[in-house]
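Open your viewer, load the model and keep the selection tool at hand. We will take one stop at a time.

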Amino acid sequence: GAINKSLSALTNVIMSLSRHSQRAPGSKRPFIHFRDSKLTFLLRDSLGGNSKTTIVANVSPSAMNFGETLSTCKFAARAK
């Protein structure tokens, strides 16, 4: 639903910012899509400013929540 869309947009913003930080000096600054979701729009100053951001991935040891835990771990791995 909407939360997955927002988390996907957050992943895209974080990936764009990480690529931006690794670019060669003097290269063109990429456009960061903060307006793709309400979440990224609200976090734009924290994510795009001169700050460090930490993502905490909460997972469950229960076998019943394996799918959600796997999805969360994949998201955290892509976002790092």
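The tour below goes from the whole chain to a core, a pocket and a few single residues.

**Before you start.** This is a predicted model, in which local features need pLDDT of at least 70 and side-chain atom pairs count only at pLDDT 80 or more, while totals for chains, interfaces and linings use all residues. Residues are numbered from 1 along each chain as its sequence is written, and side-chain values use heavy atoms, with hydrogens and water left out.

**Stop 1: the whole chain.** Switch to cartoon view and you will find four helices and zero strands, in the order α-α-α-α along the sequence. Helices (H or I, at least four residues) and strands (E, at least two) are DSSP runs, numbered from the N terminus. Of the 80 residues in the protein chain, 20% are buried; buried means under 20% relative accessible area, exposed over 50%, and partly exposed in between, with a 1.4 Å probe and protein chains only.

**Stop 2: the core.** Select Leu10, Val13, Ile14, Leu17, Ile32, Phe34, Leu47 and Phe75, the eight residues of the largest nonpolar core. Helix α1 (residues 2-21) supplies the largest share, four residues. Such a core is a set of buried Ala, Val, Leu, Ile, Met, Phe, Trp, Tyr and Cys residues joined through side-chain atoms within 4.5 Å. Now pick out Phe75: leaving aside residues up to four places away in sequence, Phe75 is in contact with Leu7, Leu10, Thr11 and Ile55. Contact here means heavy atoms within 4.5 Å.

**Stop 3: Thr40.** Next, select Thr40 in helix α2 (residues 38-42). Is Thr40 buried or exposed? Thr40 counts as buried because its relative accessibility is 0%. Show its side chain and look for the backbone oxygen of Phe34, which it reaches at 2.6 Å. Beyond neighbours within four places in sequence, Thr40 touches Ala9, Leu10, Val13, His33, Phe34 and Arg35.

**Stop 4: a pocket.** Turn on the surface and find the second largest pocket, with about 300 Å³ of space. To centre your view there, select Asn4, Leu7, Ser71, Thr72 and Phe75, the closest to the pocket's centre of the 15 residues that line it. Two elements, α1 and α4 (66-79), give two or more residues to this lining, and α1 gives the most, with six.

A pocket is defined on a 1 Å grid over the protein atoms alone, as an open set of points where a 1.4 Å probe fits, with protein on both sides within 12 Å along at least five of seven lines; lining residues have an atom within 4 Å of a point. Grid points are joined across faces, edges and corners, and the volume is the space filled by probe spheres set on the points.

**Stop 5: Thr72 and Ala57.** Keep Thr72 selected; this residue belongs to helix α4 and is partly exposed because its relative accessible area is 21%. A polar atom of the Thr72 side chain lies 2.8 Å from the backbone oxygen of Glu68. Not counting residues up to four places away in sequence, Thr72 touches Ala57, Asn58 and Val59.

Follow that contact to Ala57, in the loop between α3 (44-48) and α4. Ala57 counts as partly exposed, at 35% relative accessibility. With the distance tool, check the C-alpha atoms of Ala57 and Phe75: 8.5 Å separates them, although they are 18 residues apart along the chain.

**Last stop: Leu70.** Finish on Leu70, also placed in helix α4 and partly exposed at 37% relative accessibility. Its C-alpha atom is 8.4 Å from that of Val59, 11 residues away along the chain.

Terms used:
A polar contact is a pair of N or O atoms within 3.5 Å; within protein, one must be able to donate a hydrogen and the other to accept it, and residues adjacent in sequence count only if both atoms are side-chain atoms.
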